[in-house]
Amino acid sequence: MGLDMYLSEKHWHRVCDEDKLKALREILDVDALHVGEMLVTTEVEHIYWRKVNAVHGWFVDNIQNGNDNCDQYPVAVEDLQKLKEVCVQVIDDPEMAEELLPARSGCFFGDDSYDEHYLNDLHHTIANINRLMDHVALQRLTDPDYVPRLIYQSSW
């Protein structure tokens, strides 16, 4: 048990291609699928955190309107940029950690110290946000209408 945190991207697709539909019929072992009627949802996990309670607290305060309830919440790319900037500020000046990105206590939330592990978690967060931003940029190169549908969810 413990605080698990996920940032995922969801896609919804209507299957309008006969070849894709044939493949789905085989995978799902269903004969009655027809072009245009099958809506497929895919989810890609981009970032996973374990007991990074300060980052979770940031999501609760900035994305979830203070509701810490394990529901799914949409996250804009701009929100992730803000989180990254806060992480960078704290790494540059760890004395600001308690003010800018305070650790949160909670049942199974992990350590609330401002130590090496705390800073490593922020480095991990920055690296993964950078990787996600690269993914978004690449998707936009291939599809100018691409809009990432990012979702944050926690559980414990």
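**View 1. R149 in the loop ahead of strand 4, in a predicted model.** R149 is partly exposed, its relative accessible area being 43%, and it belongs to the loop that joins helix 5 (116–142) to strand 4 (150–155). Although R149 and P74 are separated by 75 residues in sequence, their C-alpha atoms are placed 7.1 Å apart in space.

**View 2. S154 and its surroundings in strand 4.** With a relative accessible area of 2%, S154 is buried, falling under the 20% cut-off used for that term. When residues up to four places away in sequence are set aside, S154 touches L3, D4 and M5, together with H56, D68 and C70. Of these partners, H56 is itself listed among the buried residues of helix 2.

**View 3. K51 in the loop between strand 2 and helix 2.** K51 follows strand 2 (39–50) in the loop that leads to helix 2, and with a relative accessible area of 30% it is partly exposed. The C-alpha atoms of K51 and L3 are separated by 4.7 Å, while the two residues stand 48 apart along the chain. Leaving out residues up to four places away in sequence, K51 touches M1, G2 and L3 as well as F108, F109 and G110. L3 is thus a partner of K51 and also a partner of S154.

**View 4. Helix 2 against helix 3.** Helix 2 (residues 53–62) packs on helix 3 at an angle of about 140°, their axes lying 12 Å apart, and this angle makes helix 2 oblique to helix 3. The contact brings together V55, W58 and F59 from helix 2 with D79, L80, K82, L83 and V86 from helix 3, and the crossing of helix 2 and helix 3 is right-handed. Helix 2 is mostly covered, with 8 of its 10 residues buried; the buried residues are N53, A54, V55, H56, G57, W58, F59 and V60.

**View 5. Helix 3 against helix 5.** The axes of helix 3 and helix 5 come within 9 Å of each other and cross at roughly 145°, and helix 3 passes helix 5 in a left-handed crossing. From helix 3 the contact involves V77, L80, Q81, L83, K84, C87, V88, V90 and I91, and from helix 5 it involves Y118, L119, L122, H123, T125, I126, I129, N130, L132, M133 and V136. L80 and L83 take part in this contact, and they are also listed in the contact of helix 3 with helix 2.

**View 6. Helix 3 along its length.** Helix 3 (residues 77–92) has 16 residues and spans 23 Å from its first C-alpha to its last, which is close to the 22 Å expected at 1.5 Å a residue. Its buried residues are V77, D79, L80, L83, K84, V86, C87 and V90. Because an α-helix has 3.6 residues a turn, residues three or four places apart point the same way.

**View 7. The whole chain as the setting for the close-ups.** The chain comprises 5 helices and 4 strands, which run β-α-β-α-β-α-α-α-β from the N terminus on. Of its 156 residues, 36% count as buried, and the chain exposes about 9,300 Å², with carbon and sulfur atoms supplying 49% of that area. Among contacts between residues at least 6 apart in sequence, 74% join residues at least 24 apart.

Key
Residues are numbered from 1 along each chain as its sequence is written. This is a predicted model: local features need pLDDT of at least 70, side-chain atom pairs count only at pLDDT 80 or more; totals for chains, interfaces and linings use all residues. Side-chain values use heavy atoms; hydrogens and water are left out. Helices (H or I, at least four residues) and strands (E, at least two) are DSSP runs, numbered from the N terminus. The expected span of a helix is 1.5 Å times one less than its number of residues. Buried means under 20% relative accessible area, exposed over 50%, partly exposed in between (1.4 Å probe, protein chains only). Contact means heavy atoms within 4.5 Å. Accessible areas come from the Shrake-Rupley method with a 1.4 Å probe; for residues, only the protein chains shown count as cover. Axes are lines fitted to C-alpha atoms, for helices over the stretch in contact, and angles run from 0 to 180 degrees between N-to-C directions. Angles under 35 degrees count as roughly parallel, over 145 as roughly antiparallel, 65 to 115 as roughly perpendicular and the rest as oblique. A crossing is left-handed if the near helix is turned anticlockwise from the far one by less than a right angle, and right-handed if clockwise.
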